[in-house]
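Subject: Structure for you to look at

Hello,

Here is the structure I said I would pass on. Please open it alongside this message; my notes on its pocket, its cavities and one of its strands follow.

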Amino acid sequence: MTSPIAPRASRARRLPLFLLLSAALLSPVAAQAQALAGPDWTATVRGWVAAMLALMATVIGLVSSLHHRERPASFLIGMMLSWVVLRAAAAPSAAGLRPLLLTLLVLCGVQYLLRQMNWKRSWIDHALLIQCLVVPASLLLTGGQVGLLGSIWQAVLSLELVAAMGWALWLRRQRLKDGGDEAQSREFMLMAVLLLPTMAALLAERLLAATSESLWTTAAPWLNLMLPMLMLGLGLQLVNSVAHARVEAERHIAAIEQRMNERIAEVERSHSQLAEQKLEQVTERERKRIAADLHDDLGAKLLTIVHTSESDRISTLAREALEEMRLSVRGLTGKPVHLIDALGDWRAEVVMRLGQANILAEWKSPAEDIEHTFQARSYVQTTRILRESVSNIIKHSGATHATISSAVQDGDFILTIQDNGQGIPTELDGRLDRGHGMASMKSRAKQMHGQCLVESGPGWGTVIRLTIPL
């Protein structure tokens, strides 16, 4: 499934291009004003660049004011604004201001390049501040004439800026060697593309100014543009990194929310399981309490009726009710029953009841040893199905012989009851579920996830086949 963060990431990558285009669209006014300062078309280009730098400085100022980690970007803003004002101070009357602007530009550039790599030295900070005072003061002592001293200071300041660029690039390379990832490798390549041409342009500018006046006059407009283009590149990189950081933060928040939702779902499942276990424990205690009450109270009264009643019918009914109650109590206690013990109980009861009705009972147990167990509820339901079947044989079949066989096959317990009686009457043909408690027997089998099949026909008896999964 596509992440909702992906479209935001693509928008973040397009943001620097959008800012650059916006600056280009907003710069004609500044370009026109700058074009008035000189007749050549290079002044127009510098005007466009100055407008873009001013807009970029505004954007970076807004970003750095919102993100405390981007406070070093204030040096980049100072660098940009220094260049913009320096280009505007081209008039001869502003010649005394240019050395101060140039030293401010170098101060901001060096500080930004080094602090971007978290490399800070107090002696460098002090030296740059002192330089901002020494350079203008030394030029004032010469009477405001730039001359040779001004060229020397320009060369020194250019070399300082080149040295800071080279040192920042070397620090990035060392960090990449110490275990950088793919993102740091891309960032190093980008910085190399930005810094190396600018370093070459600054060195070439100083070299041409010292050797060839004509070549310097021809190449100077192009070389002068490398430094502002570097600042634009650094600004775009900063905005792009902030946009990517925003996307990564949103992705991280989404991952945290997902883990939180998973944790909440896990807690809810655990709570549900605990609630079910608690309910089962309460239910089990209630079953045992009801079973104890039936056994101690009702069982004692029924047993008293069995032994004290003068009526044989009442005594028999009380005995049957006592047996049914004991069966119900056994189901309520929830204790599993070994299948071999259950078969023994069923055999004793069936043979006794059929023998009392003068019906020959043939019991066939499984040939192999049985180690399976019956759930208490399954044992109770099977016992009642077997009792209902035996009652039908005694009351309705007219049989003289009955065969009860059991087997374990493919994880199922199969109990078959067959008699040689007259079968289901013809008036109940097709409606076996309505006669002789067949519906109750099938319902009990269904509750145990099993089935009870009945086959019968006049003259050949009835077969009941009960299948229950173990």
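The biggest contributor to the lining of the largest pocket is α10, with 10 residues. Please keep in mind that this is a predicted model. Along the chain α10 covers 226-308, and three other helices also supply at least two residues each to that lining: α5 (98-115), α7 (147-177) and α8 (182-211).

The volume of the largest pocket is about 1,300 Å³. Its lining is made up of 30 residues, and those closest to the centre are E70, E187, Q237, S241 and V242. Two of these, Q237 and S241, have numbers that fall inside the 226-308 range of α10. E187 likewise falls inside the 182-211 range of α8. By class, the lining of the largest pocket holds 12 nonpolar, eight polar and 10 charged residues.

Next, the enclosed spaces. The count gives three cavities of 30 Å³ or more. In the largest cavity there is about 140 Å³ of space. It is lined by 14 residues, and the closest to its centre are N392, I393, S397, D419 and T462.

Which element gives the most to the lining of the largest cavity? That is α13, with five residues. α13 spans 376-397, and the strands β5 (412-419) and β7 (461-469) each supply at least two residues as well. The lining of the largest cavity divides into five nonpolar residues, eight polar and one charged.

β7 deserves a separate look in the viewer. Is this strand mostly covered or mostly uncovered? Seven of the nine residues of β7 are buried, so it counts as mostly covered, with buried here meaning under 20% relative accessible area.

β7 also pairs with two other strands. With β5 it runs antiparallel, and seven bridges join the two. One of the contacts to look for there is F413, whose bridge partner in β7 is I468. Strand β6 (residues 451-457) is joined to β7 by seven bridges too, and this pair is also antiparallel. Here G457 has G461 as its bridge partner in β7.

As a general point for reading this part of the model, side chains in a regular strand alternate between the two faces of the sheet.

If you want a place to begin, go to the residues closest to the centre of the largest pocket, among them E70 and V242, and then to those closest to the centre of the largest cavity, including D419 and T462.

Regards

How values were computed
Residues numbered from 1 in each chain as written. Predicted model: local features only at pLDDT ≥ 70, side-chain atom pairs only at ≥ 80, totals over all residues. Heavy atoms only, no water. 1 Å grid on protein atoms, 1.4 Å probe; cavity = no way out; pocket = protein on both sides within 12 Å on 5 of 7 lines; lining within 4 Å. Points joined across faces, edges and corners; volume = space filled by probe spheres on them. Helix = DSSP H or I, 4+ residues; strand = E, 2+ residues; numbered from the N terminus. Nonpolar A, V, L, I, M, F, W, Y, C, P; charged D, E, K, R; others polar. Buried < 20%, exposed > 50% of the residue type's maximum accessible area, 1.4 Å probe, protein only. Pairing = 2+ DSSP bridges.
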